[in-house]
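Here is a friendly walk through one chain, written with a modeller's eye. Keep the viewer open and follow along from one contact to the next.

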Amino acid sequence: TQLQAIPPQRAKPVLWVHIHKAGGTLMCAMAQRAGENVVKPSRNCNWAVHDGYEDSGHDADRHVTCKQRAAYFRSGNYTYGQIE
């Protein structure tokens, strides 16, 4: 039998902060399997242009404040994202 994912019931999204090459792909797959609404657009659950390892150290246009991130996650009803 196949298990059905139950959508998460919590007030705040999960943000998985991890080091490059240290389990991000596994956690992304598990989050998707668990029914999380992953931030979009994303690259392997990292918010595209903001949260991938290749985005760190770039100009301020790629960085977002906590307030901006919270508003974006609320606007899309996202429950999961990763910061690498």
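Strand 4 (80–83) is part of what covers the buried residues of helix 1. In this predicted model, the buried residues of helix 1 are Gly24, Cys28 and Ala31. Looking down the axis of helix 1, you will find these buried residues within an arc of 65°, so they line one face of the helix. Turn to the face pointing away from that buried side and you meet the exposed residues Thr25, Leu26 and Arg33. Just after helix 1, Gly35 has a positive phi of about 90°.

Which residues make up the largest nonpolar core? There are five of them: Cys28, Ala31, Val38, Cys45 and Tyr80. Two of these, Cys28 and Ala31, are already familiar as buried residues of helix 1. If neighbours within four places in sequence are set aside, Ala31 is in contact with Glu36 and Tyr80.

Now a step back to the whole chain. It has two helices and four strands, arranged along the sequence as β-α-β-β-α-β. Of its 84 residues, 25% are buried. Among contacts with a separation of 6 or more, 67% are between residues 24 or more positions apart. The accessible surface is about 6,100 Å², and carbon and sulfur atoms account for 58% of that surface.

Glu36, the contact partner of Ala31, also brings us to the charged pairs. Side chains of opposite charge can pair when their charged atoms come close. How many salt bridges does a search of the whole structure find? The search finds two.

In one, the side chains of Glu36 and Arg10 meet with an N to O distance of 2.8 Å. This pair links distant parts of the chain, 26 residues apart: Glu36 sits in the loop between helix 1 (24–33) and strand 2 (42–43), and Arg10 in the segment before strand 1 (14–17). Are the two partners buried or exposed? Glu36 has a relative accessible area of 17% and is therefore buried, as the limit for that is under 20%. Arg10, at 39%, is partly exposed.

In the other salt bridge, Asp51 pairs with Arg69, and their closest N and O atoms are 2.7 Å apart. Here too distant parts of the chain are linked: Asp51 is in the loop between strand 3 (46–47) and helix 2 (66–76), while Arg69 is in helix 2, 18 residues apart. Both Asp51 and Arg69 are buried.

Asp51 turns up again around Asn46, a residue of strand 3. Asn46 is buried, with 4% relative accessibility. Not counting residues up to four places away in sequence, Asn46 touches His18, Pro41, Asp51, Gly52, Gln82, Ile83 and Glu84.

Strand 3 also has a part in the aromatic contacts. A search of the whole structure finds four aromatic pairs. In one of them, Trp47 and Tyr72 are stacked, with 4.4 Å centre to centre and 15° between the planes. This pair joins distant parts of the chain, Trp47 in strand 3 and Tyr72 in helix 2, 25 residues apart. Trp47 is buried at 7% relative accessible area, whereas Tyr72 is partly exposed at 26%. Ring pairs link Trp47, Tyr72, Phe73 and Tyr78 into a cluster.

Finally, some backbone geometry that you may like to check. Most residues other than glycine have a negative phi, and most peptide bonds are trans. Which peptide bond is cis, and where is its proline? The cis bond joins Lys40 and Pro41, with omega about -10°, and Pro41 is found in the loop between helix 1 and strand 2. That Pro41 is among the residues Asn46 touches.

The table gives two residues that have a positive phi although neither is a glycine.

| Residue | Phi | Place | Relative accessible area |
|---|---|---|---|
| Lys21 | about 70° | loop between strand 1 and helix 1 | 74%, exposed |
| Val49 | about 75° | loop between strand 3 and helix 2 | 41%, partly exposed |

Val49 shares its loop, the one between strand 3 and helix 2, with Asp51 of the salt bridge to Arg69.

Technical notes
Residues numbered from 1 in each chain as written. Predicted model: local features only at pLDDT ≥ 70, side-chain atom pairs only at ≥ 80, totals over all residues. Heavy atoms only, no water. Salt bridge = Lys/Arg side-chain N within 4 Å of Asp/Glu carboxyl O. Buried < 20%, exposed > 50% of the residue type's maximum accessible area, 1.4 Å probe, protein only. Arc of directions from axis to C-beta. Contact = heavy atoms within 4.5 Å. Phe/Tyr/Trp six-rings, centres within 6.5 Å; stacked < 30°, edge-to-face > 60°. Core = buried A, V, L, I, M, F, W, Y, C linked by side-chain atoms within 4.5 Å. Areas by Shrake-Rupley, 256 points an atom, 1.4 Å probe, with all protein chains shown as cover.
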